[in-house]
Amino acid sequence: MNSSTGQNLACIEYRTALDMLMRVPLFSVIPIEAVKVLACLGETENFAAGEIVFQQGEIDDYAYYIVEGEAELLLRTEEGEQKIRGFGKGDFIGGFSLLSNMERLFSLRAQTDLCCLAFSADGFQKILKQFPEAAAEILREMASQVFRWEYGLLHGDRKLCAKCTSAVGVTLL
Amino acid sequence: MITRRSLLWWIRSSNLKLQLLLLLIILITVGARVLPIAMQKKIVDEAIRFRRMDLLLLYCAAYIFAVLTATGLKFLMNLLQTRIGQEALASMRKELYLHIITLPLEFFQKSSPGMVVSSLVTELATAGDFVGQAIAVPIGNLLTLVAFAVYMFYLNPLLAILSISTYPIALLLIPIVQKKSNDANKARVDGTRTMSNMIDETVSGIHEIHANASYRVEERKFGDIVDHLFKIRVIWIAYKGAAKVLNNFFQNLGPFILFLVGGYLAINGRFDLGALVAFMSAYEKLYDPWKELMDFYQLYQDAHVGYTRIMEYFDAEPGYGIEPDGRAPFNLHGAVNASRLSLAVDGDIELLKSISLDVKPGERIALVGYSGSGKSTLTRCISQLYGYTSGSLKLDEHEVSQLSKMDIAANLGIVSQNPFIFHGTIRENLLYSWEAVRAGRPDSTPEEVPSYERIIEMLRGVGLFGDVVRFGLNRVLRPGEQEFFVKKIMRIRIMFQEHFGEVSRGYSEYFDQDKFLKFSTVAANILMGSPNDPEFSMDRLAVSPFFNHFLAEAGLRNPLIELGKDLVVSLIEVLGKMPPNEAFFRDSPLLPERLEEYGEVCTRIDEMQPKEIGRQDALKLLDVALRYIPGKHGIIGMPSMLEELILKGRKSFRKKIMAERPGAISFYNILEYIHSLPLLDNILYGKLTTERPRARERISDSIVQFLEEENLLGRIVEIGLRFDVGSKGERLSGGQKQKLAIARVLLKSPRILILDEATSALDNASQQQIQDLLESRWKGKCTIISVAHRLDTVREFDRIAVMRAGKIVEIGTYDELIGYGGILYELVHGTKPRVH
């Protein structure tokens with residue numbers, strides 16, 4: 001454990017958090033009052049380089065906004081561990097965890113010292129109860145993000161391997 | 001059944017002894033009411049007329065005696081009525097509550113919780129009042145009326161008939177007007193509703209109105225509604241007024257006749273002056289019982305309508321008896337047999353279609369299939385939560401529909417995907433199912449409450465042990481509580497510092513005299529100690545004169561009020577409209593229950609300079625500032641200037657306390673227990689800096705080792721079991737709730753265990769742990785039917801039943817079904833097997 005973590009790192013202020021959240025596409029669609037409460041409930045979490053933010057197979061019910069630093073997304077399979085992609089400042093990870101408790105299909109590991117804003121599914125759900133109209137908007141935005149993702153897979157630059165095409169169709173759910 | 005009872009039933013079954021006593025008192029009261037009037041006559045006719053002082057005194061004494069008796073008895077009557085009415089209300093509530101909670105689940109799909117709440121809480125109250133008054137008021141007032149009338153007849157029959165003759169006319173006329181007024185009122189309510197809807201629509205559609213500039217159109221529409229309502233209201237008020245005026249008129253018509261006819265008779269010497277006075281009094285006294293009767297009639301109407309409505313609403317048959325008739329609940333072996341079992345709802349939608357399934361005692365069956373295939377429905381039929389429409393379903397040789405609820409509860413445990421946890425402690429929730437079964441066996445020998453060893457074993461089994469330990473570690477022990485324990489905790493603090501200081505350093509902030517503590521409150525940063533004098537407790541610190549004086553001296557008071565102002569203004573802006581729910585305020589220095597108060601402060605102080613803020617408001621702002629934890633409450637940042645001021649203040653505060661109030665505060669000291677802080681902080685001698693469950697787990701796991709070595713773990717668990725889970729268990733996570741639900745069902749040792757995706761909120765490791773528990777402790781002892789949400793867990797079951805569209809389409813062992821290459825294969829491999 002690196003002794004520099006946790007100690008003497010300032011907590012992200014609400015104003016800063018609000019600024020950051022307003023730039024997250026998922027939250028741009030819900031009423032500003034709801035985003036404000038969310039910003040207020042965000043918890044500052046610091047991770048030392050190499051520390052695991054969340055672990056494949058676990059259920060942690062948090063979404064993370066990276067305030068500072070870099071992290072890598074890892075997938076563990078029978079063949080070993082592989083890096084899927086990197087995340088950096090300004091990325092928002094784990095929106096799905098806010099909506100339903102699901103085990104993590106990937107692990108996220110801090111590559112450098114990492115400062116995140118963490119949002120709990122519990123808090124988020126309570127906010128949605130207060131802003132019922134926001135829930136519908138979130139759902140719409142999620143669906144359209146999933147759609148764009150799959151559209152990108154099918155028609156984007158990255159050509160899918162022939163074997164993979166049999167697994168597409170998540171937008172038909 | 002309670003819903004078939006009429007209101008009269010409650011009167012008959014109310015406390016009859018009290019009712020008789022009441023009747024007796026009524027009779028005496030009626031006498032005591034008439035006596036003063038008779039005395040009036042005697043005072044005028046005998047005492048005054050013949051100037052007899054002795055008689056005057058005697059009659060006056062009798063008069064006052066009668067008045068006092070009547071007053072006292074009236075009060076006694078009131079007490080008795082209240083007693084009878086409230087007794088009836090209490091039993092109505094209890095019985096209706098029991099009836100409602102035994103109604104089948106289908107009933108609750110259609111009814112709203114609000115209806116149940118208002119029925120039990122407010123609406124029944126009127127019926128209770130009615131039962132209390134049902135005998136005393138009508139009989140008492142009728143008798144009084146009759147008594148006065150008879151007395152009037154005795155004085156002068158003609159005059160009596162003439163003056164009472166207005167009552168029948170009133171009785172005829174007033175209800176007619178009243179009815180018109182009621183009709184008009186109904187129209188008014190409808191009209192008002194139309195108007196509200198219209199306004200609501202206007203506000204929602206204001207964009208469209210602006211876009212079309214259709215102000216005139218809307219104004220005209222609204223105008224029509226307003227005009228219509230105007231007419232209705234005028235009519236309503238007119239009728240309402242008319243009813244009142246008529247009543248008054250008839251009331252005053254009486255004296256008119258009295259004066260006219262009585263005066264004429266008196267002038268002619270055929271009627272004594274005293275008799276006339278008494279007559280007038282008697283007539284006036286008629287009004288009170290008359291009015292009370294009218295009010296009683298209204299109460300009867302209200303009670304009758306309300307009561308009937310409630311009882312009709314809840315008039316459904318409970319699906320099953322609660323306890324078995326005349327026998328103890330069965331002890332089943334755990335066989336489940338379904339044969340051609342079907343369930344159709346809404347006429348013809350078949351949720352289950354002719355299901356046949358034979359489960360031997362101790363066998364373990366997994367139900368798999370796509371969602372909507374009927375897995376959960378089948379488990380609910382087996383656990384009697386749903387009925388079934390045809391076929392047979394047996395537990396051992398007993399048909400499920402014939403069993404009582406207690407037969408089921410004593411033998412079968414069900415854990416659903418979203419288990420409900422009730423308000424109370426962890427312990428109370430753990431014993432919930434066990435206690436329900438025990439309550440259903442009144443004749444059997446009282447079983448001992450499950451021992452601590454058993455509870456701890458269960459907590460470990462389901463993986464809740466660590467959580468309970470953490471709850472225990474978060475408890476604040478009061479001074480004097482568990483002294484011995486506290487001493488041992490101090491040893492653990494030192495061992496922990498030696499061995500685990502490094503591990504916890506990343507997650508905690510130690511109490512350091514020379515550093516500003518970001519994860520402690522501002523108050524703790526100044527005090528750096530635990531108050532022995534309640535004046536310095538968190539709740540009273542802000543209003544302590546000593547402390548305020550110190551803050552002013554140290555130049556801290558105004559900056560802190562300023563900080564409090566910034567906090568309150570920012571927090572109210574963000575959270576002001578949220579409900580006072582703990583979840584929203586966990587990360588803020590505002591106490592949710594004082595939200596409203598601070599909202600008001602906020603509007604008062606907005607735009608004010610610190611000096612202009614009133615004293616009371618300033619103290620409230622100070623209170624918020626003192627509760628502020630800079631590292632946790634991110635709503636605003638902590639000015640670094642203030643940090644330095646507080647560090648300086650900390651030293652001068654210590655000096656001031658030592659000099660002026662020695663002993664009022666125990667300052668933080670690595671060798672002493674801190675009573676104002678939870679156990680965990682005491683062991684750490686600091687505060688955790690993270691909310692992350694995993695980091696907290698890691699810390700507490702290392703503490704557990706020491707606790708175990710010192711034999712303190714049991715004590716901590718005991719404290720942790722007293723953790724209050726909050727309303728609906730809101731202070732527990734989804735996983736904790738599921739674990740608790742599994743533990744509470746296993747504690748009653750069911751013969752049949754039904755798991756409906758019971759571990760869906762648990763991660764792999766926790767799921768495996770529960771699987772292992774069932775494997776090691778319950779294998780063969782307990783039939784298990786499990787709706788599996790993940791296919792990698794089904795391999796360990798004896799057989800797997802695959803469901804599709806309400807039918808079991810495949811059943812067999814895992815290997816058989818995979819070999820068969822049917823739906824299970826498809827579910828597991830994602831594709832159909834290739835045909836060779």
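This is a walk through a predicted model with chains A and B, from overall confidence to the details of a single residue.

Let us begin with how far the prediction trusts itself. The model as a whole scores ipTM 0.81 and pTM 0.78. For chain B, the mean pLDDT is 87, and 98% of the residues reach 70 or more. Chain A has a mean pLDDT of 84, with 92% of its residues at 70 or more. Within chain A, the element with the lowest mean pLDDT is helix α4 (residues 95-99), at 86, while strand β7 (residues 107-110) has the highest, at 94. Please take some care at the start of that chain: residues 1-8 of chain A have pLDDT below 50, although this stretch makes 19 contacts in the model beyond near neighbours in sequence.

Now turn to chain B. Its 836 residues include 33 helices and 14 strands. The C-alpha trace of chain B spans about 120 × 85 × 75 Å along its principal axes. The radius of gyration of chain B is 38 Å, whereas a compact globule of 836 residues would have one near 28 Å. In chain B, 34% of the residues count as buried. Contacts in this chain often link distant parts of the sequence: of those between residues at least 6 apart, 79% join residues at least 24 apart.

The domain assignment helps to find your way around. It divides chain B into domain 1 (1-156 + 303-319), domain 2 (157-270), domain 3 (328-462 + 724-836) and domain 4 (538-657). The centres of domain 1 and domain 2 of chain B, taken over C-alpha atoms, are 29 Å apart. Where these two domains meet, domain 1 of chain B gives 4 residues to the contact and domain 2 of chain B gives 5. On the domain 1 side, 3 of these residues are nonpolar, 1 is polar and none is charged.

Next, look inside. In soluble globular proteins, nonpolar side chains tend to be buried together. Here the largest nonpolar core has 175 residues, and those with the most contacts inside it are Leu38(A), Leu367(B), Ala625(B) and Ala743(B). Helix α22 (residues 557-575) of chain B supplies the largest share of this core, 8 residues. The core lies between domain 3 and domain 4 of chain B, because both of them give residues to it. Around Ala743(B), beyond its neighbours within four places in sequence, the contacts are Leu430(B), Met458(B), Leu459(B), Val462(B) and Leu464(B). There is also a second, separate core of 23 residues, which includes Leu124(B), Ala303(B), Tyr307(B) and Ile310(B).

How do the two chains meet? Their contact takes 29 residues from chain A and 32 residues from chain B. On the chain A side, α1 (14-22), α3 (32-41), β1 (43-47) and α5 (121-130) each supply at least two residues. By class, the side of chain A that touches chain B has 10 nonpolar, 10 polar and 9 charged residues.

Finally, pause at one residue, Glu312(B), which is found in helix α11 (residues 273-313) of chain B. Glu312(B) has 9 C-beta neighbours inside 10 Å, so it counts as exposed. Glu312(B) lies 20 Å from Leu299(B), C-alpha to C-alpha, with the two residues 13 apart in sequence.

Definitions and conventions. Residues numbered from 1 in each chain as written. Chains lettered and ligands numbered in written order. Predicted model: local features only at pLDDT ≥ 70, side-chain atom pairs only at ≥ 80, totals over all residues. Helix = DSSP H or I, 4+ residues; strand = E, 2+ residues; numbered from the N terminus. Rg over C-alpha atoms; globule rule 2.2 N^0.38 Å. Buried ≥ 20, exposed ≤ 12 C-beta atoms within 10 Å, placed from the backbone. Contact = placed C-beta atoms within 7 Å. Core = buried A, V, L, I, M, F, W, Y, C linked by C-beta atoms within 7 Å. Domains from an automatic or database assignment. Nonpolar A, V, L, I, M, F, W, Y, C, P; charged D, E, K, R; others polar. pLDDT = per-residue confidence, 0-100.
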